[in-house]
Amino acid sequence: MKDIQTIRQIREQVSKWRNDGEQIGFVPTMGALHEGHLSLVRLAQERSSKSVASIYVNPAQFAPNEDFETYPRPLDEDLEKLEQLGVDAVYMPSSEEMYPDGFATHVHVDRLSDGLCSLSRPHFFDGVALVVSKLLLQVLPDLAVFGEKDYQQLMIIRQMVKDLNIPVTIVGGPTQREADGLAMSSRNAYLSTSERAVAGKLNVILKEAALKIENLQDVSQTVSGAISQLTQAGFSEVDYFEFRDSQTLSPQERNESGGRLLAAAKLGRTRLIDNWPVREPKLQ
Ligand code: AMP
């Protein structure tokens, strides 16, 4: 596995591969790799002949009160996992490389960035859009894989790539889960034992609500019922629990042609997010 730290080197490596007729698949991450990340790497490897993963904890997507400093960085373990999967190159740019003195550009995707995760993290998606556009333009892969677990993020990246004409195919990878349904996340490491016992309920309650909406039960009643269930289960705060169009993410009051149920809730200091598809209504 090649260990690459600069824009010049990654460009040289990728263009050499491309000249040799290889297809390059890319998986951007912030490290603290778990099975969710690794599943995306496997997907990139299935669909391309060379794979690149990046590890970069992007300061631009953390607010000053968030966990940038304490975000887990188990670098040796991460590199071993990537090596074992047979990743061809790991790209780990420094912050000087990413945001040199004088850096002045912002990337904002309208509409899709409104609401949901932006409610509690208003600067988050601008930070993500900026770093992802930079990484894609640095690596210039044929395809890049992102997790459906971060559904709003995936939709924003698809829109951004289309609007900015970045020549890459975006592939969505399914959410990998623990046995009780909890979506894998690097931040699950923050959960205490008692919080971990409750955490899987987020997915259970999402799935039940999705089924109710599929069966044409009232959306707002289903959503308020789910929010009370989460609170009763022990979640300290529900940031949002919403039924949205699965492409435009516009709020849906009724299930006309399916959609996506998206939720974020806090357990102590840990914020969990998840989402679940809602199929078109079944005619009774
Ligand atoms: P992160 O390191 O958290 O920024 O995530 C890097 C990539 O992994 C993003 O595309 C995430 O959506 C994806 N990802 C995170 N958790 C999961 C999961 N449980 N299943 C699938 N993909 C995931």
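A residue counts as buried when its relative accessible area is under 20%. Keep that cut-off in mind for this tour of a predicted model.

**Confidence colouring**

Start by colouring the protein chain by pLDDT. The average is 97, and 99% of the residues score at least 70. Among the elements of the chain, strand β4 (residues 89-91) has the highest mean, 99. Helix α5 (residues 117-120) has the lowest, with a mean of 96.

**Strand β2**

Next, select residues 24-29, which form strand β2. Six of its six residues are buried, and the strand is mostly covered. Show the side chains and look at each face in turn. On one side are Ile24, Phe26 and Pro28, all buried. On the other side are Gly25, Val27 and Thr29, and these are buried as well.

**From β2 to β3**

Add residues 50-55, strand β3. The two strands β2 and β3 pair in the parallel sense, and six bridges join them. To see one of the pairings, pick Thr29: its bridge partner in β3 is Ile55. Now trace the chain from β2 to β3; the path leads through helix α2 (residues 35-47), and this β-α-β crossover is right-handed.

**From β2 to β5**

Hide β3 and show residues 143-147, strand β5. β5 runs parallel to β2, with two bridges between them. Which residue of β5 is the bridge partner of Phe26? Select Ala144 to find that partner.

**Ile4 in strand β1**

From Ala144, go to Ile4. The C-alpha atoms of these two residues are 18 Å apart in space, while 140 residues separate them in sequence. Ile4 lies in strand β1 (residues 2-4). Is Ile4 buried or exposed? Its relative accessible area is 5%, so Ile4 is buried. Leaving aside neighbours within four places in sequence, display what Ile4 is in contact with: Gln9, Ile10, Gln13, Ala89, Val90, Tyr91 and Met92. Of the residues in that list, Ala89, Val90 and Tyr91 fall in strand β4 (residues 89-91).

**Asp67 in a loop**

For the last stop, select Asp67, in the loop between β3 and α3 (75-85). Asp67 counts as buried because its relative accessibility is 14%, and the cut-off is 20%. What does Asp67 touch, not counting residues up to four places away in sequence? Its contacts there are Phe62, Arg187 and Tyr190. Show the side chains of Asp67 and Tyr190 together: they make a polar contact at 2.7 Å.

Definitions and conventions
Residues numbered from 1 in each chain as written. Predicted model: local features only at pLDDT ≥ 70, side-chain atom pairs only at ≥ 80, totals over all residues. Heavy atoms only, no water. Buried < 20%, exposed > 50% of the residue type's maximum accessible area, 1.4 Å probe, protein only. Helix = DSSP H or I, 4+ residues; strand = E, 2+ residues; numbered from the N terminus. Pairing = 2+ DSSP bridges. Right-handed = clockwise from strand over helix to strand, strands pointing away. pLDDT = per-residue confidence, 0-100. Contact = heavy atoms within 4.5 Å. Polar contact = N/O pair within 3.5 Å; in protein donor to acceptor, adjacent residues only side chain to side chain.
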